[in-house]
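Subject: Structure for your reading

Dear colleague,

Please find below the structure that I promised to hand over. I would ask you to keep it open while you read the notes that follow it.

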Amino acid sequence: MKAKQEKFVAQTKLEKVLKDTRRAFIYVGFFSFFINILMLVPSIYMLQVYDRVMTSRSIETLVLLTIIVTLLFFTMGFLEVVRSRILVRIGNKMDLDLNGYLFDVIFRQARLNPAHASSMPLSDLIKIRQYMTGNGVFAFFDSPWFPIYLFVMYLFSPWFALFTIFSALVIFAITIINEKSTKKDLENANKMNSISMQFVNRNLQNAEVIHAMGMNDSIRTKWLEKQHEFLHTQATASDTAGKWANSSKTLRQLFQSLTYGIGAYLAINGQISPGVIIAGAVLMGRALAPLDLLTSSWKGFADAKGAYIRLNALLKEIPEIPHTMKLPAPLGEIRVENIVVAPPSSQVPTLKGVNMLIPQGTTLGVIGPSASGKSTFARAILGLWPLLSGKVRLDGADIHQWDSIDLGQHIGYLPQDIELFEGSISDNISRFTEQNPEAVVEAAKIAGVHEMILNLPNGYDTIVGAGGSTLSGGQRQRVGLARALYKKPPIIVLDEPNSNLDDEGERALLNAILIMKQNKSTIVLITHRPNILSVVDNLALLTQGVLAMYGNRDEVLAKLNQQAPVIKMTKPGENQ
């Protein structure tokens with residue numbers, strides 16, 4: 001029982017969803033049973049027409065047989081439509097059950113392993129769904145009926161059965177050869193396509209730099225090299241698959257035609273009737289059709305199988321996050337316990353053994369030279385990067401005990417690289433949640449950006465391009481600050497919030513921090529500009545990933561100025 005439970009826990013979301021579709025596939029098999037029984041109708045009809053109607057010359061019998069066959073064909077057509085609709089709904093259900101979860105997974109992958117971030121898993125899901133709703137999957141339901149058709153062929157004549165077995169073995173051998181000869185090329189083609197798409201996606205983020213420095217041709221050349229390699233490998237696999245698929249189709253038609261010759265020989269020797277010749281040929285074509293379909297659709301099956309393997313591997317690498325009990329809204333105390341942090345996909349720590357207590361309602365300034373671990377510290381206390389060791393606690397609870405969606409509503413974060421999203425300014429400030437106009441305007445006023453927004457062509461309804469391309473760097477930073485302050489969150493992390501600001505913008509930033517201090521928000525302020533340190537309560541100095549100093553702002557600054565008197569603060573509102 002315990003082993004069963006462990007196996008269930010180890011299942012990925014994809015495996016669970018496919019397991020939930022088993023009942024629907026049973027229905028598909030149930031309808032396939034009747035469809036394949038009805039597939040015997042053409043052979044029986046031919047046999048009756050040639051051996052009974054032609055002999056008796058009875059028009060009434062012919063009419064009755066034709067009416068019965070017509071009704072049976074309409075019934076078979078109806079069952080095939082129902083079977084197809086079931087498969088379509090299986091595919092849609094799988095997509096609906098997985099697409100939202102998979103969307104979250106690829107964003108988690110982008111956060112935990114940026115080098116492998118890609119939207120390809122969504123394409124893989126589409127490949128699986130398309131195959132499951134296509135004709136290729138019918139081959140797996142119809143092929144098991146081959147022994148039944150073979151038995152009927154044996155009843156017609158043992159020679160028919162033997163020739164059908166020989167034909168089936170040839171087509172099956174072609175299917176195996178097709179799979180073996182295309183498997184490696186298809187896998188390589190899929191990998192190369194993924195690498196090519198990732199290369200384009202990464203460079204699209206640097207389109208301005210590429211254009212400004214005239215790198216378009218060199219980047220395009222590198223991409224074309226990857227793309228040509230992908231196309232060559234895919235073309236090789238497709239050519240091979242096409243060759244064997246066409247061979248299978250041609251041989252099936254040949255074998256079906258040869259059945260007429262075998263039947264004629266048997267009829268001449270009086271071993272079968274003329275009607276059996278037609279009935280046997282039709283039935284043989286039906287018996288071999290699923291095998292032929294299996295060969296012709298093998299590329300689609302291989303693509304879907306490869307997509308399943310990649311998708312399942314991703315879901316095993318990034319397992320489903322267990323549901324946790326919803327904790328109350330955080331007050332803002334942050335405790336850092338001997339954390340060691342490395343960037344995703346790296347084991348080289350950029351923060352080493354940092355211990356710190358940030359009391360609720362205090363403002364902490366984090367300073368240090370470049371590459372000292374300041375931004376890593378911000379990502380660690382927000383739970384964005386995994387810890388190699390140690391813990392980050394929020395109000396005493398490990399930050400990973402919090403549901404990320406719930407916790408995010410109580411956190412304001414302004415990263416170094418400001419990203420606004422395609423939509424209106426009000427959408428961006430409200431984080432694309434259901435808008436509270438009063439809260440949007442309040443956040444904009446606290447950030448000192450309300451007047452600037454009103455001066456835009458459509459005010460708060462001004463549409464921001466992807467990445468905030470319609471705004472200047474300073475405007476993006478100030479709108480990003482308003483987004484961080486939306487609904488006055490109890491925890492605010494600002495990473496170089498004044499890097500793109502002019503004097504007016506910096507004064508607005510200082511004023512916003514003072515307002516949030518009055519709101520008792522816990523603020524972590526990462527900066528390299530000394531004048532903004534006037535609003536902080538405590539100061540932390542990071543050097544080469546180690547916490548070199550931590551304590552009251554004035555005490556830390558006094559020690560620093562004793563060592564190297566270079567830091568001079570200005571009062572809030574004072575020009576630099």
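In the hairpin formed by β4 and β5, D395 takes a positive phi near 55 degrees, and two residues lie between the strands. Please bear in mind throughout that this is a predicted model. The two strands of the hairpin run antiparallel and are joined by two bridges. One pair to look for is R393 with its bridge partner in β5, D398.

The hairpin leads to the sheet around it. Four strands make up this open sheet, in the order β2-β1-β4-β5, and their pairing is antiparallel. At its edges are β2 and β5 (397-398), each of which pairs on one side only. Strand β1 (residues 334-341) is joined to strand β2 (residues 351-358) by five bridges, and the two run antiparallel. There, V336 stands opposite M356 of β2. Six bridges link β1 to strand β4 (residues 387-394), again in an antiparallel arrangement. Two pairs may help you to follow this register: V340 has S389 as its bridge partner in β4, and V341 stands opposite L387 in β4. A helix also belongs to this picture: α14 (residues 374-381) lies across β1, β2 and β4, and runs at about 120 degrees to β1.

Two further residues deserve attention for their backbone angles. In general, most residues other than glycine have a negative phi. N338 is not a glycine, yet has a positive phi of about 50 degrees. This residue lies in strand β1. Is N338 buried, exposed or partly exposed? Its relative accessibility is 43%, and N338 therefore counts as partly exposed. K520 is likewise not a glycine, and has a positive phi of about 70 degrees. K520 is found in the loop between α20 (503-518) and β10. With a relative accessible area of 56%, K520 is exposed.

The second sheet is also open. Six strands form it, in the order β6-β9-β10-β3-β11-β12, and the pairing is mixed. Which strands stand at its edges? They are β6 (411-414) and β12 (546-552); each has a single partner strand, so one side of each is left without a neighbour in the sheet. On average, and with direction ignored, neighbouring strands of this sheet are turned by 15 degrees against each other. Within the sheet, five bridges join strand β9 (residues 491-495) to strand β10 (residues 522-526), and these two strands run parallel. L494 has L525 as its bridge partner in β10.

Helices meet this sheet as well. Helix α14 lies across β3 (363-367), β6, β9, β10 and β11 (538-543), and runs at about 155 degrees to β10. Helix α19 (residues 473-484) packs on the sheet and touches β6 and β9, its direction making about 165 degrees with that of β6.

I turn now to helices that pack on each other. In general, two packed helices are described by the angle between their axes and the distance between the axes. Helix α3 (residues 22-38) packs with helix α5 (residues 59-112) at an angle of about 160 degrees, and their axes are 9 Å apart. An angle over 145 degrees counts as roughly antiparallel, and α3 and α5 are therefore roughly antiparallel to each other. The crossing of α3 past α5 is left-handed. On the α3 side, the residues in contact include F25, Y27, F31 and I35, while those of α5 include L72, M76, L79 and I86. By class, the residues of this contact divide into 15 nonpolar, two polar and two charged.

A second pair of helices is α9 (residues 158-204) and α13 (residues 298-317), whose axes come within 10 Å and cross at roughly 45 degrees. That angle makes α9 oblique to α13. Here α9 passes α13 in a right-handed crossing. The residues T175, N178, E179, T182, L186 and N190 of α9 meet W298, K299, A302, D303 and R310 of α13. This contact has three nonpolar, four polar and four charged residues.

I suggest that you locate the hairpin before turning to the sheets and the helix pairs.

With kind regards

Technical notes:
Residues numbered from 1 in each chain as written. Predicted model: local features only at pLDDT ≥ 70, side-chain atom pairs only at ≥ 80, totals over all residues. Heavy atoms only, no water. Axes fitted to C-alpha atoms, helices over the stretch in contact; angles between N-to-C directions. Parallel < 35°, antiparallel > 145°, perpendicular 65-115°, else oblique. Left-handed = near helix turned anticlockwise from the far one by under 90°. Contact = heavy atoms within 4.5 Å. Nonpolar A, V, L, I, M, F, W, Y, C, P; charged D, E, K, R; others polar. Pairing = 2+ DSSP bridges. Buried < 20%, exposed > 50% of the residue type's maximum accessible area, 1.4 Å probe, protein only.
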